[in-house]
Amino acid sequence: MIYRVLTHKTPYEPKPRSGRSCVTDIRSDRQIQRMVSSQKMSVREITGASQLQISKNIVHGRIIEFGYMIHAKMSRRLPLSKLHISKRLQWARNHMSCVDKWMAVLFSDEKNATSMDLTGI
């Protein structure tokens with residue numbers, strides 16, 4: 001390639017990039033970045049507040065491109081408190097002596113009874 005550039009004596013110009021152009025410009029990217037870094041907002045809230053006609057997937061992609069943002073999935077529920085842990089432990093200790101009742105309980109790893117075949121019962 002260098003040989004061709006030197007022998008043809010024409011300036012080297014890279015080929016134009018192919019592919020889809022970016023939906024957001026630098027100004028809207030900075031606006032999204034300011035919203036994310038200044039306050040805790042979800043991607044959906046940022047999409048609505050940015051007043052841009054873009055999808056939440058684009059906003060999420062821009063947040064990842066910023067680099068210093070870390071995507072972390074929120075926990076689904078709060079962890080158990082000390083009181084709840086002690087009450088659960090006390091319940092388990094109280095019900096350990098009920099051997100006859102536990103023999104009648106069927107433990108299964110099925111999620112629901114509708115997926116089991118109950119026709120033979």
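# Exercises on a six-helix predicted model

The protein chain contains 6 helices and 0 strands. The structure is a predicted model.

## Exercise 1. The chain as a whole

Describe the order of secondary structure elements, the share of buried residues and the exposed surface of the protein chain.

*Solution.*
1. Along the sequence, the elements follow the pattern α-α-α-α-α-α.
2. Of the 121 residues in the protein chain, 12% are buried.
3. The surface exposed by the chain is about 11,900 Å², and carbon and sulfur atoms supply 57% of it.
4. Among contacts with a separation of 6 or more, 39% are accounted for by residues 24 or more positions apart.

## Exercise 2. Salt bridges

Determine how many salt bridges the structure holds and which network they form.

*Solution.*
1. The structure holds 2 salt bridges.
2. One of them joins the side chains of R62 and D29, with an N to O distance of 3.2 Å. This value satisfies the cut-off, since a side-chain nitrogen of Lys or Arg must lie within 4 Å of a carboxyl oxygen of Asp or Glu.
3. R62 belongs to helix α4 (residues 56-66) and D29 to helix α2 (residues 26-38), so this pair ties together parts that are 33 residues apart in sequence.
4. The side chains of R62 and E65 also meet in a salt bridge, at 3.7 Å from N to O.
5. R62 and E65 are 3 residues apart in helix α4, and therefore about one helical turn separates them.
6. Through shared partners, the salt bridges join D29, R62 and E65 into one network.

## Exercise 3. Burial within the network

Classify R62, D29 and E65 as buried or exposed.

*Solution.*
1. The criterion is that buried means under 20% relative accessible area and exposed means over 50%.
2. R62 has a relative accessible area of 11%, so R62 is buried.
3. D29 has a relative accessibility of 18% and is therefore also counted as buried.
4. E65 has a relative accessible area of 59%, so E65 is exposed.

## Exercise 4. Packing of α2 and α4

Characterise the arrangement of α2 and α4 and identify the residues that make the contact.

*Solution.*
1. Two packed helices are described by the angle between their axes and by the distance between those axes.
2. For α2 and α4 the angle is about 80 degrees, and the axes are 10 Å apart.
3. Angles of 65 to 115 degrees count as roughly perpendicular, and α2 and α4 are therefore roughly perpendicular to each other.
4. On the α2 side, the contact is made by D29, I32, Q33 and V36; α4 contributes V59, R62, I63 and F66.
5. By class, the residues of this contact divide into 5 nonpolar, 1 polar and 2 charged.
6. D29 and R62, listed in step 4, are also the partners in the salt bridge at 3.2 Å.

## Exercise 5. Two residues of α4

Compare the surroundings of F66 and K56.

*Solution.*
1. F66 is located in helix α4 and, at 19% relative accessibility, counts as buried.
2. Neighbours within four places in sequence set aside, F66 contacts D29, I32 and Q33.
3. The C-alpha atoms of F66 and I32 are 10.0 Å apart, while the two residues are 34 residues apart along the chain.
4. K56 also has its place in helix α4; its relative accessible area is 43%, so K56 is partly exposed.
5. Not counting residues up to four places away in sequence, K56 touches V43, R44 and T47.
6. K56 and E45 are 11 residues apart along the chain, and 9.1 Å separates their C-alpha atoms.

Technical notes
Residues numbered from 1 in each chain as written. Predicted model: local features only at pLDDT ≥ 70, side-chain atom pairs only at ≥ 80, totals over all residues. Heavy atoms only, no water. Helix = DSSP H or I, 4+ residues; strand = E, 2+ residues; numbered from the N terminus. Buried < 20%, exposed > 50% of the residue type's maximum accessible area, 1.4 Å probe, protein only. Axes fitted to C-alpha atoms, helices over the stretch in contact; angles between N-to-C directions. Parallel < 35°, antiparallel > 145°, perpendicular 65-115°, else oblique. Contact = heavy atoms within 4.5 Å. Nonpolar A, V, L, I, M, F, W, Y, C, P; charged D, E, K, R; others polar. Areas by Shrake-Rupley, 256 points an atom, 1.4 Å probe, with all protein chains shown as cover.
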